[in-house]
Amino acid sequence: VSSIPMFLEVKGKFRINCILKRHLSPKTVGEIFRSVPIKANLHKFGSVGIYFEAQIASGLERPKKEFRSGDIAFHPVGNHIYLFYKDFVHNTPMTHIGKIVSSVDQLSKSEIGDEISLYSEIG
């Protein structure tokens, strides 16, 4: 299965559908999937996205610097998962791991310190 359906939930605010894509970065996606559910405090990434810490031990895999609205990326420095709600070119490469498939605009309504969860209803 190349695409793994997942949910991102900001406690008390919203839940959105997303998918992790194994073909983009098989090792990193596998590590994340084995670690769910992941709960953390949310941080803002300027005006383009949000991110949160994940206790994932994975290096850079198939690096890229350009991300589109709805993309999900992993940054091995700090072990952060990034969720973009605007197009962005980063100065350092990250690992592209998936895509938000519903309500990307909801991400901009989140606030620093909100509790975010990444989980799957598979198995």
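Colleague: What makes Arg-15 count as sitting over the ring of Phe-7?

Modeller: The rule asks for NZ of Lys or CZ of Arg within 6 Å of the ring centre and within 35 degrees of the ring normal. The charged end of Arg-15 is 3.9 Å from the centre of the Phe-7 ring and sits over that ring, so the rule applies. This is a predicted model, in which local features need pLDDT of at least 70, side-chain atom pairs count only at pLDDT 80 or more, and totals for chains, interfaces and linings use all residues. Residues are numbered from 1 along each chain as its sequence is written, and side-chain values use heavy atoms, with hydrogens and water left out.

Colleague: Why is the pair of Phe-67 and Phe-84 called stacked?

Modeller: Rings of Phe, Tyr and Trp (its six-membered ring) pair if their centres lie within 6.5 Å; planes under 30 degrees apart count as stacked, over 60 as edge-to-face and the rest as tilted. The ring centres of Phe-67 and Phe-84 are 5.1 Å apart and their planes stand at 10°, so the pair is stacked. Phe-67 is in strand 6 and Phe-84 in strand 8, 17 residues apart. Strands (E, at least two residues) and helices (H or I, at least four) are DSSP runs, numbered from the N terminus.

Colleague: How do you know that Phe-67 and Phe-84 are buried or exposed?

Modeller: Buried means under 20% relative accessible area, exposed over 50%, and partly exposed in between, with a 1.4 Å probe and protein chains only. Phe-67 has 2% relative accessibility, so this residue counts as buried. Phe-84 has 0%, so the verdict is buried here too.

Colleague: How many aromatic pairs are there by this rule?

Modeller: The count is nine aromatic pairs. One of them is Tyr-51 with Tyr-82, stacked at 4.9 Å centre to centre with 20° between the planes. Tyr-51 lies in strand 5 (residues 49-53) and Tyr-82 in strand 8 (residues 80-84), so this pair ties together parts that are 31 residues apart in sequence. Tyr-51 and Tyr-82 are both buried. Ring pairs link Phe-45, Tyr-51, Phe-67, Tyr-82, Phe-84 and Phe-88 into a cluster.

Colleague: What makes strand 9 a pairing partner of strand 6?

Modeller: Two strands pair if DSSP finds at least two bridges between them. Strand 6 (residues 63-67) is joined to strand 9 by four bridges, and the two run antiparallel; four meets the minimum, so they pair. In this pairing, Pro-63 has Thr-95 as its bridge partner. Strand 7 (residues 71-75) also pairs with strand 9 in the antiparallel sense, over four bridges, and there Phe-74 stands opposite Thr-95. Strand 2 (residues 14-21) is antiparallel to strand 9 (residues 88-100), with three bridges, and Leu-20 faces Gly-98.

Colleague: Which contacts does Thr-28 make, leaving aside its neighbours within four places in sequence?

Modeller: With contact meaning heavy atoms within 4.5 Å, Thr-28 is in contact with Ser-58, Gly-59, Glu-61, Phe-74, Thr-95 and Ile-97. Thr-28 lies in helix 1 (residues 26-35) and has a relative accessible area of 0%, so the residue is buried.

Colleague: Why is the link between the side chains of Thr-28 and Glu-61 called a polar contact?

Modeller: A polar contact is a pair of N or O atoms within 3.5 Å; within protein, one must be able to donate a hydrogen and the other to accept it, and residues adjacent in sequence count only if both atoms are side-chain atoms. The side chains of Thr-28 and Glu-61 are joined at 2.7 Å, so the distance limit is met.

Colleague: What makes His-90 buried?

Modeller: Its relative accessibility is 8%, so His-90 counts as buried. This residue is found in strand 9. The His-90 side chain makes a polar contact of 3.0 Å with the side chain of Asn-91, and reaches the backbone nitrogen of Thr-92 at 2.9 Å.

Colleague: Why is Arg-62 called exposed and Ser-103 partly exposed?

Modeller: Arg-62 has a relative accessible area of 51%, so this residue is exposed. Ser-103 has 38%, so this one is partly exposed. Arg-62 has a positive phi of about 45° although it is not a glycine, and Ser-103 has a positive phi of about 55°. Most residues other than glycine have a negative phi, and most peptide bonds are trans.
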